[in-house]
Amino acid sequence: MTPKQYLAYMKKNKAEMMDLKFVDLLGTWQHCSFPIDVLDEDTFRNGLGFDGSSIRGWQGIHMSDMLAVPDPDTACMDPFFSRPTASVIANIIDPITRKPYTRDPRYVARKAADFLKSTGIADTAYFGPEPEFFIFDEVRYEQCQNKGSYQIDSIEGAWNTARFEEPNLGYKPSFKGGYFPVSPTDTYHDLRGEMVYEMRKLGIVVEAHHHEVATAGQSEIDMRFDKLVKMADQMMWYKYICKNVAKRHGKTVTFMPKPIFEDNGSGMHTHFSLWKGGRPLFAGKRYAGLSDLALHAIGGILKHAPAILAFAAPTTNSYRRLVPGFEAPVNLCMSARNRSAGCRIPMYSPSPKSKRVEFRCPDPTCNGYLTFAAILMAGVDGIKHKLDPGKPLDRDIYEMTSEELASTRKTPGSLEEAIHALEQDHVFLTQGGVFTDDLVDGWITWKRNQEIDPMRLRPVPHEFHLYYDC
């Protein structure tokens, strides 16, 4: 779509405003709205100014001026404003140099897609994430010098079987018992359906939705795979739609990986494949029907997984999920069907077009632009260096001895470990200038100063249980 076509699109849909959205370093949408009569075709060349120093992880106050340049190809009507509003996603540029901003995550994703083409290995990287989330009725949390607490509640919570509900009908998914029940146990079918309908209105192809394993409204909506940048754009819409549809109904959605103690957390299993000239490259005659190229790509992902997880599992809470015992993919190995393996090869279809690798370690708190780009860069590195993914793990890990499991590498045990891994291993990301040292350093600094250190300083409620009367 050209700028002229975008302006015509606004008039056709009686849009009175343009809502300009862009993603910050950590993966949250920011926005600003502009009346239609202040826009013209130059807007799409010159951009619109904003304060970059107020955006997390971006500019210092002495270099705060930035420009957001709307990408007319991302045009759609925003479904959550009371009056017709045309949404558009922006790319960020420096107003002095007119160059793309190195810490704009969307720019990193665009560079990764271009880098893949430049290698000659493939021309298209497809991604299909499966984000999970919880739908709660209420959340409360507090942190100050003398108090620290949180409380969540859900009409579906297994802990509410005895709550006075006038009447309490007892249909509560049990802990780890929420996978695929029909109604009345699954009370959120229609709410998830409404989320799906809103996604479909925006052109997002949805393949399925269902209740997930955990109690208390854990859900999943699966999008059909698409190209890297487009899928990262869709991930932003996905989270925006889920949260706003829930709010319409007096509910709240969280993509926090582990909000409930002793139940499954929310992951984002991410399917990845490479194609060239319309031909899938991951199908072959090796293990699980894979090609040598696919096995090398898996080798790269497994080798660099700890560093990837600094982006793909980017919160301290992420590592409350990545622990054994809750279907967590903590083993850095591959398997055709074992869901505890970091890289799984789905075996549902014999079609070469469906052959892909599912990297199971990411969670939906991640920035999709950076996560998909990092996975791609690791895969390309594995292909270039013909990395061996190692022997597959096709056994039930609960039947294996500790000695047998000791030879299998594990995911980092904390965000601090993942950040350290990124610090030591990020050359594969900077190939072709896809990730810059400036972005990697900024990410590491933010995570250490704003998340890891503050968490280290604060006592948590369970410490009082353990130590108060020592």
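Two strands count as paired if DSSP finds at least two bridges between them. The model shown in these views is predicted.

**View 1. The hairpin of strands S1 and S2.**
Strand S1 covers residues 17-23 and strand S2 covers residues 29-35. The two strands run antiparallel and are joined by 7 bridges. One end of the pairing can be followed through Val23, whose bridge partner in S2 is Trp29. Between the strands of this hairpin lie 5 residues. Gly27 in the hairpin has a positive phi, near 110°. In a regular strand, side chains alternate between the two faces of the sheet.

**View 2. Arg106 and its surroundings.**
Arg106 belongs to helix H3, which comprises residues 105-119. Is this residue buried or exposed? Its relative accessibility is 4%, so Arg106 counts as buried; the cut-off for buried is under 20%. The side chain of Arg106 forms a polar contact with the side chain of Asn91, at 2.8 Å. Leaving aside residues up to four places away in sequence, Arg106 touches several others, among them Asp71, Thr74, Ile89, Val229 and Asp233. Val23, the bridge partner of Trp29, is also touched by Arg106. Another residue in contact with Arg106 is Tyr369, which appears again in the next view.

**View 3. Helix H8 and its two ends.**
Helix H8 consists of 17 residues, 368-384. At 1.5 Å a residue the helix should span 24 Å, and its end C-alpha atoms are 24 Å apart, so the two values agree. Of the 17 residues, 16 are buried, which means that H8 is largely enclosed by the rest of the structure. At the N-terminal end, Asn367 acts as a cap: one of its side-chain oxygens is 3.1 Å from the backbone nitrogen of Tyr369. After the helix comes Lys386, with a positive phi near 50°. An α-helix has 3.6 residues a turn, so residues three or four places apart point the same way.

**View 4. Cysteines without a disulfide.**
How many disulfides does the structure hold? There are 0. Cys343 takes part in no disulfide, and the nearest cysteine sulfur, in Cys361, is 7.0 Å away. With 0% relative accessibility, Cys343 counts as buried. For Cys366, the closest cysteine sulfur is also that of Cys361, but the 12 Å between them is too far for a bond. A disulfide requires two cysteine sulfur atoms within 2.5 Å. Cys366 has 3% relative accessibility and therefore counts as buried.

Conventions: Residues are numbered from 1 along each chain as its sequence is written. This is a predicted model: local features need pLDDT of at least 70, side-chain atom pairs count only at pLDDT 80 or more; totals for chains, interfaces and linings use all residues. Side-chain values use heavy atoms; hydrogens and water are left out. Helices (H or I, at least four residues) and strands (E, at least two) are DSSP runs, numbered from the N terminus. The expected span of a helix is 1.5 Å times one less than its number of residues. Buried means under 20% relative accessible area, exposed over 50%, partly exposed in between (1.4 Å probe, protein chains only). A polar contact is a pair of N or O atoms within 3.5 Å; within protein, one must be able to donate a hydrogen and the other to accept it, and residues adjacent in sequence count only if both atoms are side-chain atoms. Contact means heavy atoms within 4.5 Å.
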